[in-house]
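Please open the model in your viewer and keep the selection tool at hand. The stops below go from a whole chain to a helix pair and then to a single residue.

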Amino acid sequence: MKMHTPRYAQMKTAKWGLHALRTPLADLAIQLANQDELLQNGGTFAVADHISSDVETAHRQTDPENAYLAAHFEQLTQTVQIEVPDQVQLTKPLLVDWQPTTPGNGNFHFSIRLGKNSRATVIITQKAGAIGLNSIGEIAVGADAQLEVAELNLFDHGSRAYFHQNANLDRNAALNWSIAQIGTGNVLGEFNTELNGTGASANIQAVSLAKKDEHIGLQTTVGHHAPHTTSRILQHGALFAQAETNLNAIGKIDHGAHGADAQQESRLLLLDPSAQGNANPILLIDENDVQAGHAASVGQVDLQQLYYLMSRGLTKETAENILVRSFLAPVLSSLPAGPIADQVDHLLGQRLGGIDPNEA
Amino acid sequence: MMTKLEIKNLKVEADNHPILHGVNLTVNTGEMHAIMGPNGTGKSTLAETIMGNPHYHITDGQILLDGVDLATKKVDERARAGLFLAMQYPAEIPGITTANFLRAAINARHPEQPIAIPKFMSELNNALDLLDMSQKTANRYLNAGFSGGEKKRNEILQLLMLKPKFALLDEIDSGLDIDALKVVAKGVNAMRGPEFATVMITHYQRLLDYIVPDVVHVMMGGRIVKTGGPDLAKHLEKTGYACLRDELGLDIELVDE
């Protein structure tokens, strides 16, 4: 089998320079918190040293020629396993926090399995420090279960990060998945959701910020394989200087998935003329009785808004800072309320510079 | 100390179209000025040009603040120097609350010494009370989804909080019912004092019943054609702009004629 870098529509993924993923493995520090409630209910929340071969095979089959994915599974040493039994409703979010502690490639893996009619929130924070990293995971949401997943990705400049995460949803399952790419470095990733059961629904939102010469490429896909499945993809990215960001949103509706509703919106805000952005909406529909909609835009700061803010004495930098937040607000407001939303807000302020209106 | 804003022979164009043909105007702090005039005569252009809207280009003349030419100064520098423009169509900025925005704008004036939060909150609450605005307004996103009247009040809220030396009010009365007009006037009148001046732009005399000016100017065809006291506005209300034009023997076409 000929292996290759991930193939995404309209993206030359080799440009991301993810060869760093072949460097020796880094040691990982993985911290789990709020596990008591789950353990008391007979669940699992632990760092394991292997994953089942079924899970690995299923994941690899989603992209068998993907060199990065293959490297991840070949090098895999640790995985975070979260299993929530049927009929368990957790009140506190499960927290996963990890970071590489030695130079090299951080090879992180997680599996989240939510039983029937259960409810949980998982918050994953991936901290700075890596030369390169893989973050690969599987999510399975059982019938009538509701899962919220938020991922906050923070990397130092020069990092190379690769994501390949797959979610599968049963009948009437609901997934609310938020991905915040506001660290530094190059990020390439795909987030795939398969709506396998009737009535399953997914909301996926991604927010990104790219500065200097950073590259961000995200491909978010939802497959509608059953009737009355609904999805919404919402991706907003802001980019400065010579940064480049590509956002792909793909909605697939199978024949027979009648009553499906696939909506997507990808928007990019370019703060500098040398920044490059591409928002690429794709709908592949093989059924008549469906609803689908897409919106995509690549634009610059509204000069009228900029003038208004500056007319109150704010510097251009601070005014732009406010307009970036304004642009990202629809996605930020979809994040689970609480510490993660505050943390994202704080980091945005740090990365944007100038007077931070939310902390001034 | 008195501060002086001088407009000397100001000629301005936008989109290669000349609009102002030599405006002269001097405003000192402590004075309330009104500029009246028919539609399309350059009143808003004058206000926007003084503020520094990059859409308008000065082809001749000067804007001096205590003798310092503002021509090369950007809009934010002019604001920090003491100018304020209450806009006819304020922009909507979802994602930042009015309160946070105001704090950032105040701190932009002295970044080395940010305003203490209790002081800010007490000033904000006083200003909200004066303008019959609810606390909630300050926590809503800046102008986002505001009605026309709410936006105008929010402009005056910003005026009260930012305390400029010169406030240009561009048709602050348009779209307001009589109650809202009184509230807005109360806000502007609260600013009156030796350290503050305003230039109100309006079509109608009605605003000037509530904010009584010291000086009234009439603009037509991109120039100030007559200057007088508050009686000039009352006279105009009776006779209309066309009549004044004919009185002055001006060869100007009024757009709404």
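The tour that follows moves through chain B and ends in chain A, and the model it describes is a predicted one.

**Chain B as a whole.** Begin by selecting chain B and showing it as a cartoon, in which the secondary structure comes to 10 helices and 12 strands. The radius of gyration of chain B is 18 Å, close to the 18 Å that the globule rule gives for 257 residues, so the chain is as compact as a globular protein of that length. If you orient the view along the principal axes, the C-alpha trace of chain B spans about 60 × 40 × 35 Å. Colouring by burial would mark 46% of the 257 residues in chain B as buried, and among the contacts with a separation of 6 or more, 73% join residues 24 or more positions apart.

**The annotated span.** Next select residues 5-246 of chain B, which an unreviewed UniProt entry annotates as "domain: ABC transporter". The C-alpha atoms at the two ends of this span lie 31 Å apart, and the span is 40% helix and 30% strand.

**Helix α6 of chain B.** Now narrow the selection to residues 148-162 of chain B, the 15 residues of helix α6, which reaches 21 Å from its first C-alpha to its last, close to the 21 Å expected at 1.5 Å a residue. Its buried residues include Asn154(B), Ile156(B), Leu157(B), Gln158(B) and Met161(B). To see what the buried residues of α6(B) pack against, add β6 (83-86), α3 (98-109), α4 (117-130), β9 (166-170) and α7 (178-191) of chain B. Just after α6(B), Lys163(B) takes a positive phi of about 45°.

**The α3–α6 pair.** Two packed helices are described by the angle between their axes and the distance between the axes. Keep only α3(B) and α6(B) on display: their axes come within 10 Å and cross at roughly 35°, and the crossing is right-handed. With side chains shown, Thr98(B), Leu102(B), Ala105(B) and Ile106(B) of α3(B) meet Asn154(B), Gln158(B), Met161(B) and Leu162(B) of α6(B).

**Leu188 in chain A.** Finally, move to chain A and select Leu188(A), which sits in strand β11 (residues 186-195). Is Leu188(A) buried or exposed? Leu188(A) has 25 other C-beta atoms within 10 Å, and is therefore buried. Beyond residues up to four places away in sequence, Leu188(A) touches Pro6(A), Thr13(A), Trp16(A), Leu18(A), Tyr162(A) and Gly217(A). Of these, Trp16(A) is 172 residues away along the chain, yet the C-alpha atoms of Leu188(A) and Trp16(A) are separated by 7.1 Å.

Methods. Residues are numbered from 1 along each chain as its sequence is written. Chains are lettered from A and ligands numbered from 1 in the order in which they are written. This is a predicted model: local features need pLDDT of at least 70, side-chain atom pairs count only at pLDDT 80 or more; totals for chains, interfaces and linings use all residues. UniProt positions are given in the numbering used here, feature names are shortened, and annotations may be inferred rather than shown by experiment. Helices (H or I, at least four residues) and strands (E, at least two) are DSSP runs, numbered from the N terminus. The radius of gyration is taken over C-alpha atoms; the globule rule is 2.2 Å times the number of residues to the power 0.38. A residue is buried if 20 or more other C-beta atoms lie within 10 Å of its own, exposed if 12 or fewer, and partly exposed in between; C-beta atoms are placed from the backbone. Two residues are in contact if their C-beta atoms, placed from the backbone, lie within 7 Å. The expected span of a helix is 1.5 Å times one less than its number of residues. Axes are lines fitted to C-alpha atoms, for helices over the stretch in contact, and angles run from 0 to 180 degrees between N-to-C directions. A crossing is left-handed if the near helix is turned anticlockwise from the far one by less than a right angle, and right-handed if clockwise.
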